[in-house]
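Please walk through this protein with attention to its aromatic rings, its nonpolar interior and its cysteines.

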Amino acid sequence: MNKRKILTLLTALTMSMTSMAVTPVYVVAESDTAAAVSEEDSGIHFNVKNDCISVELGLNTAVSISGYDDSKQYEVGESPIKFTVDDESVAKVIQVQGKLVNIKGVSMGETVLRAETPDGKKASVRVAIIEIPPVLTSTALTNTTTVTTTATATHVTTSTVIYDYAPTVEFDKSAMKVGEVREGRFYNPETKKNEGGWVEAGTDNISVEYTEGSDIFTVRALEAGEAKLGCWTKGCAFTNYVYFDVVDDEALPDFAPTVEFDNSDMKVGETREGRFYNPVSGRSAGGNIKASDNVLVTLEKDGHFSVTAVKAGSVSMEITDNGCPFVGHVAFTVKDADTTTTAVTMTTTQLTTSTVHIDYMTKVEFDNTPLNVGEVRKIKFGHPNGETEGGSVYSSSELIEVSYEKGTNSFEVKALKEGEASISVHARGCAFDPTVTIKVVSASKLKGDANCDNGTDMADVVYVMQSLANPDKYKLSTCGKDNADLNGDGVTVGDAQKIQLKLLGLEENNTPTTPTTQPVGVDTTEEAVKLIKSYDLNDYYEGYRDSLKDMFESFKKDGYIYSFAEKENSEKEIKLDSDFGGSKIWFMPRMNYEDKGIMYHVCSGAESYQVYYYFIDPEYAELDMKDYVAERLNIKNTKIVGDKYVLAELGDSDLIVPNVFFKIDDSHYCKVRGNVSESEMTSFLDALTSVKISFTDDSEKYPFEAEYVRVYATGNYNREPVIEMFNSEEEFLKRFNSNSENSKYNEKWFSEHKLIFITLEEGSGSTRHKVTELTADHVAIDRITPQVMTCDWAVWHIYIELDKDAVISDNFSAVITETETEDLVA
C-alpha cells in the first residue's frame with residue numbers, strides 16, 4: 001500500500017443540524033506512524049500526531065521539538081534551535097521560546113518547517129495552511145471537538161489551534177519570608193483547567209513541589225533575593241513567569257500599601273488618578289490592581305494609576321504592592337452622569353493576603369513613521385507598571401536587522417529592504433507580547449546626505465571623514481554611500497569637501513554666494529599657532545580673504561587660543577581624535593548663524609565629540625547664553641542643564657545629537673556636539689576644561705645648525721616626532737651607549753652647545769625634512785614629499801645644534817608642516 005499520507009479537507013459533510021459544533025476534519029491515508037519523524041532521522045522530531053501540521057489561514061499554531069537535551073529556561077524570543085520555513089509566502093515563524101516555535105498561516109498551500117540544533121541535529125515537518133468553510137465556524141466551535149464520519153475508511157484527526165497566551169497563574173507575589181511555604185495554582189485561561197504541564201524554580205533561592213497533572217503547586221522560600229517561577233500548561237503557546245522577593249524574617253513587617261485615591265462617588269465617563277506605595281519606604285515596588293468590571297484601571301509608573309468609570313454600580317478595588325504582604329482595599333460607587341454625588345472620606349483597610357493576577361501586555365514605545373532603508377531607530381519597551389527588568393526581542397524578517405543587549409529595555413532596528421516587517425517584543429513579567437510592525441521605505445535620495453536623515457549639514461561632512469578614517473567603527477549605509485558619492489567614483493575626501501562647499505553657499509562654478517568663507521584645517525595646536533602668526537591670504541580664494549583675515553586677526557589680538565583637555569584628577573581622558581580621517585582642528589570664520597572660532601575633533605574613550613570655541617558677537621554680548629543661542633544662532637528649542645549649560649533639543653531624547661552651549665569667559669563661548677545620550681554628554685562636560693595657549697609675534701628665534709641622518713628602521717611605525725634634549729656628553733652616552741653615530745658630541749662640544757635630538761619615522765624613504773625655525777617653545781620642521789614615493793620605511797635622526805645659553809621651554813614641541821614638491825620622485 002502506498003504509505004504517502006494525503007491530507008484533504010472534507011468540505012462535503014452532510015449535517016442535519018447546522019449549529020453542530022465541529023472543527024476542521026481531515027482524511028489521512030492509512031499509516032503505521034503515530035508521530036512525525038524528521039527527514040534527517042537525527043534523533044529529534046516535532047511533537048505532532050502525524051507528519052503534517054495543519055494551520056488555519058491567518059492564525060498561529062505552536063509546536064515543540066523532542067529529543068534535544070537542554071534544561072535551560074528561555075525567555076520568549078530566545079531559543080538555541082534555529083527554526084526556518086521553506087516558503088515564507090505560505091507560513092512564517094512568528095515567535096520562538098526554547099524548544100517551542102509559533103508559526104502563522106500566511107496563504108493557502110504547503111511548505112516545510114525545519115529545525116536545527118547547535119550540535120547539528122535536524123528535523124522537518126510538512127505544514128499545510130487551510131481555511132475553514134463558513135459552515136464550520138459557528139459560535140459553538142471549540143478547540144477539542146472531534147467529528148468522525150462513516151464516509152471514510154481512514155483515520156480522522158482534528159486541528160488543535162494553540163492561541164497566543166500563557167497560562168493563568170494564581171500566586172501571591174508579595175514578598176515571602178525565608179522558610180515560608182506558599183501555595184499557587186495555574187491553568188489554561190480558556191478551558192480553566194490544567195491538562196498537564198510543569199512548574200519550575202527559575203532561581204536558586206526557592207524550591208518548588210509539583211505533581212504532574214495537578215493544577216496546584218507549592219513554593220518554599222530558601223534565602224533572601226529576587227525569585228523567579230515558571231509555569232506552563234498544555235494548550236498554551238508561552239510560559240508565564242512570576243517574579244517576587246524573598247526577604248529575611250525581620251525585614252517583612254505586616255502592613256498593606258497606602259492608597260491615595262478620592263473614593264467619593266464617580267460619574268460615568270469620569271477619570272480619576274490615584275497612587276499606592278509602601279508606607280515604610282514611601283515608594284512602590286510595583287504591583288497589581290484588581291477591580292470590578294464597571295471601571296477601567298490603567299497602571300502607570302511608580303504606583304500611579306487612573307480609574308475611568310464605565311457604568312453605574314458599586315466598585316471594589318484590591319491593590320497589592322510587591323513590597324507589602326497585605327492587600328489594600330478601596331470601595332466607591334459609580335453613578336450615572338446626572339446623579340448628584342456625595343463626598344466620602346477615603347479609607348484604606350488592611351485585609352488578609354489574597355491572590356491577585358493580571359495578565360499584562362508588554363508596553364512598547366516607538367516612532368511608527370516609515371523607516372528609511374539604512375536608517376537606525378531605537379525602540380523602548382517594558383512592563384506597563386513601570387518595572388524595567390529586560391526581556392527579549394525577536395524578528396524573522398529579512399527586511400530589518402534587530403540589535404538587542406540582553407537585560408536592557410530598548411533595542412535598535414536597522415532598515416535593510418523596502419516592505420513591512422514585524423517584531424515580537426517581550427518584557428519580563430508580562431503574559432502577552434505585542435507585535436510591532438515597521439514599514440521600510442526608500443531611503444533619502446538627497447545628494448550629500450551621508451547619514452540619511454533627509455538633510456545636509458556639517459554632520460554629513462564629519463560622517464564621511466569618519467567613515468574613511470575608521471570604516472570599522474563608522475560605516476556608511478547603502479543610502480549613505482549613494483548620497484555621499486557626488487561624482488560616481490566612490491566616496492572620497494573630495495566628496496566631503498564638495499558637501500562642505502555646498503553648505504557654504506558655493507555653486508559648482510565656484511562663484512561664491514553668501515556667506516563668503518572657508519574653514520581651514522590643521523592637525524595640531526602648534527600648527528594652529530603657527531598659522532595664526534604667519535598666515536598668508538594669498539593661499540586662499542580671493543572671495544574668502546576678508547572673513548579669513550578678520551578671524552586670524554581676532555586670534556592675534558587675543559594673543560592666545562583655547563584648546564580642551566580633561567580636568568585634573570578626572571577619570572576620563574580627552575584628546576584629539578587620532579581616528580578622525582581629516583584635519584583634527586578647524587578654523588571657522590563667521591557665517592550667517594555661526595560665529596568665528598575653532599572646532600576640535602576630540603575623543604574620550606570610545607566616543608567622539610566636536611568641541612567648538614567661538615568669539616561672542618559684540619551685538620549680542622549683553623544677552624545670557626540661552627538668549628544668545630536663540631537670537632544670534634536662531635536655535636529656539638533649548639533648555640538649561642545644570643547651572644551653565646544650554647542644551648539644544650533637536651528631536652526625541654533618545655535619538656538626538658546633543659548640542660550644548662556654555663560661556664568660557666566674557667568674550668568666548670563653547671559648543672559641544674556628540675552622538676551620545678544626554679547623560680553621557682553631561683558626564684563628558686563634567687570632565688572637560690579649557691586650556692589657554694598663549695603666543696606672541698616677537699618670540700626670539702635662535703640660530704642653529706641641523707644634520708639629518710637616516711638609520712635602519714626597527715620597531716613600530718609612528719609618524720609623531722620624539723624629542724630628546726642633551727646638555728652633556730654623559731647624558732648623550734647614556735642614551736646611545738656610544739657616540740659612534742656622531743663622534744663630535746664630546747665633553748668639549750657640550751661645554752659650548754646643547755643638542756636637540758629628534759626621531760621621525762616615515763612610511764617612505766622618499767620623504768625628506770628641513771628645520772626652518774627654532775624658538776624657546778618650538779622647532780618648525782617641513783616634511784617634504786615628492787609626488788611619487790618609494791615603498792620603503794625610513795627612520796630619521798635630526799641633530800639640531802644650538803648655543804649653550806639658549807633657553808628651551810619645558811613645553812617644547814615640534815611643529816611639522818607638510819610640503820609636496822613638484823618633483824615626481826625624491
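Rings of Phe, Tyr and Trp, the last taken by its six-membered ring, are counted as a pair if their centres lie within 6.5 Å. In this predicted model, Tyr535, Phe552, Phe555, Tyr560, Tyr562, Phe587, Tyr613 and Phe615 form one aromatic cluster. One of its members, Phe615, also has a charged neighbour, since Lys596 lies over the face of the Phe615 ring at 5.6 Å from the ring centre.

The cluster can be read alongside the nonpolar interior. The largest nonpolar core has 41 residues, and those with the most contacts inside it are Phe552, Phe555, Ile561, Phe587, Val672, Phe684 and Leu688. Phe552, Phe555 and Phe587 are thus named both among these residues and in the aromatic cluster. If neighbours within four places in sequence are left aside, Phe552 is in contact with Leu531, Ile532, Tyr535, Tyr540 and Phe587. A second core, separate from the one just described, consists of 24 residues and includes Ile65, Phe83, Ile103 and Ala123.

Across the whole structure there are 32 aromatic pairs. One of them joins Phe171 and Phe244, whose ring centres are 5.3 Å apart; the pair is classed as tilted because the planes stand at 50°, and the tilted class takes the angles that are neither under 30 degrees nor over 60. This pair links distant parts of the chain, as Phe171 sits in the loop between strand S12 (168-170) and strand S13 (176-177), whereas Phe244 belongs to strand S19 (residues 240-247), 73 residues apart. Phe171 and Phe244 are both buried, and Arg182 lies over the face of Phe171, at 5.9 Å from the ring centre.

A further pair, formed by Phe726 and Phe732, has another geometry to examine: the centres are 5.5 Å apart and the planes make an angle of 80°, an edge-to-face arrangement. Phe726 counts as buried because its relative accessibility is 4%, and Phe732, with a relative accessible area of 2%, is buried as well.

The cysteines remain to be considered. How many disulfides does the model hold? The count comes to zero, where a disulfide would need a pair of cysteine sulfur atoms within 2.5 Å. Cys603 has a relative accessibility of 10% and therefore counts as buried, while Cys670 is buried with a relative accessible area of 0%; in each case the value falls under the 20% limit that defines a buried residue.

Notes. Residues numbered from 1 in each chain as written. Predicted model: local features only at pLDDT ≥ 70, side-chain atom pairs only at ≥ 80, totals over all residues. Heavy atoms only, no water. Buried < 20%, exposed > 50% of the residue type's maximum accessible area, 1.4 Å probe, protein only. Core = buried A, V, L, I, M, F, W, Y, C linked by side-chain atoms within 4.5 Å. Contact = heavy atoms within 4.5 Å. Helix = DSSP H or I, 4+ residues; strand = E, 2+ residues; numbered from the N terminus. Lys NZ or Arg CZ within 6 Å of the ring centre and 35° of its normal.
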